[in-house]
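Biologist: Hi! Could you walk me through this one?

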Amino acid sequence: MIKPLARRTLLAAALTLPALGALAAPLTLGFSQVGAESEWRSANTASIKAAARDAGITLKFADAQQKQENQVKAIRSYIAQRVDVIAFSPVVESGWDTVLKEAKAAGIPVILTDRAVKVSDPSLYVSFIGSDFVEEGRKAARWLLERAAKNPNAALNIVELQGTVGSAPAIDRKKGFEEVIKANPRLQIIRSQSGEFTRAKGKEVMESFLKQRDKKIDVLYAHNDDMAIGAIQAIEEAGLKPGQDIVIISIDGVRGAFEAMKAGKLNVTVECNPLLGPQLMQLARDVVAKKPVEKRITVNEGVFPAEVAAKELPNRKY
Ligand code: GZL
């Protein structure tokens, strides 16, 4: 015959064990990454992997080599493996409805990181964590407006190296930049082409811009530092001084940009924070625990002109 106290203790234990069991089972996150196209992307990947390890979260990770079909395949494999939550940085904005409907039908929540998507039904993803790319484009243009105001009669011909065609950062950084430079009609974008966020393509496209001699190039606006660094090589090979003959504005704030600014070859970089790992892991836990989460979580970012590069470089975390 079990004594009442002992029975109560056994009952309490029976009720508690499953909860403990739920806590102990590591959460499994399936992550589809764009690729490894830039310093920014490498820092983003490192942050996600380190944060998963620190959080005791089982991470399944796939690099899509900048191809949407590889991301769709990875998301489908995570659905088949019945992971607890899926997260991905969509290489382009459109074409996600079908696979996200499959994840929803399987009852697996999806988190967007870094880049956003355009979908018919916003309930196809639980939350977005990343940057405000339109604001990054505005910050880049505000820096140029301020500089141009010191020389009010100078016309400034701008060439633009866009990011990956169809990607949220490329679309939004262009939008924000154009919205602000409208304030000064002497600032004109005379050429604009995608450099695919890579150094190699950025150099190649800048070479083609420099060959077209009909208009002098005064400013380069690059949607990321890697393309700017590639363009710097092209400008030097053309016998011009980057950062002086051609003013260069870029975005990301990676170490290579601070080194280029210290060398006087880049004029300003607008920060885009890749270190989303810890916030993503906490968000994944909250989503799996069915806690209410914000639909859009953006991170605060700064603007770093060349004058502060040397002082700031030792503090950089990516
Ligand atoms: C921005 C990110 C962009 C970076 C590029 O959040 O999506 O992709 O600006 C990277 O360096 O390739």
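**The sheet and a helix pair**

Modeller: Sure! Six strands form an open sheet in the order β7-β6-β8-β9-β10-β12, with mixed pairing. Strands are DSSP runs of E, at least two residues, and helices are runs of H or I, at least four, numbered from the N terminus; two strands pair if DSSP finds at least two bridges between them.

Biologist: Which strands stand at the edges?

Modeller: β7 (187–194) and β12 (303–305) do; each has a single partner strand, so one side of each has no neighbour in the sheet. Neighbouring strands are turned by 20° against each other on average, direction ignored.

Biologist: And what can I trust here?

Modeller: This is a predicted model, where local features need pLDDT of at least 70, side-chain atom pairs count only at pLDDT 80 or more, and totals for chains, interfaces and linings use all residues. Residues are numbered from 1 along each chain as its sequence is written, and side-chain values use heavy atoms, leaving out hydrogens and water.

Biologist: In what sense do β6 and β8 pair?

Modeller: Parallel: β6 (residues 156–162) and β8 (residues 219–222) share four bridges. Glu160 has Tyr221 of β8 as its bridge partner.

Biologist: Switching to helices, at what angle do α3 and α4 pack?

Modeller: About 10° for α3 (residues 68–80) and α4 (residues 97–105), with their axes 10 Å apart. Axes are lines fitted to C-alpha atoms over the stretch in contact, and angles run from 0 to 180 degrees between N-to-C directions. The two helices are therefore roughly parallel (under 35 degrees).

Biologist: Which residues make the contact?

Modeller: Val72, Ile75, Arg76 and Ile79 of α3 meet Thr98, Val99, Glu102 and Ala103 of α4, with contact meaning heavy atoms within 4.5 Å.

Note on methods: Angles under 35 degrees count as roughly parallel, over 145 as roughly antiparallel, 65 to 115 as roughly perpendicular and the rest as oblique.
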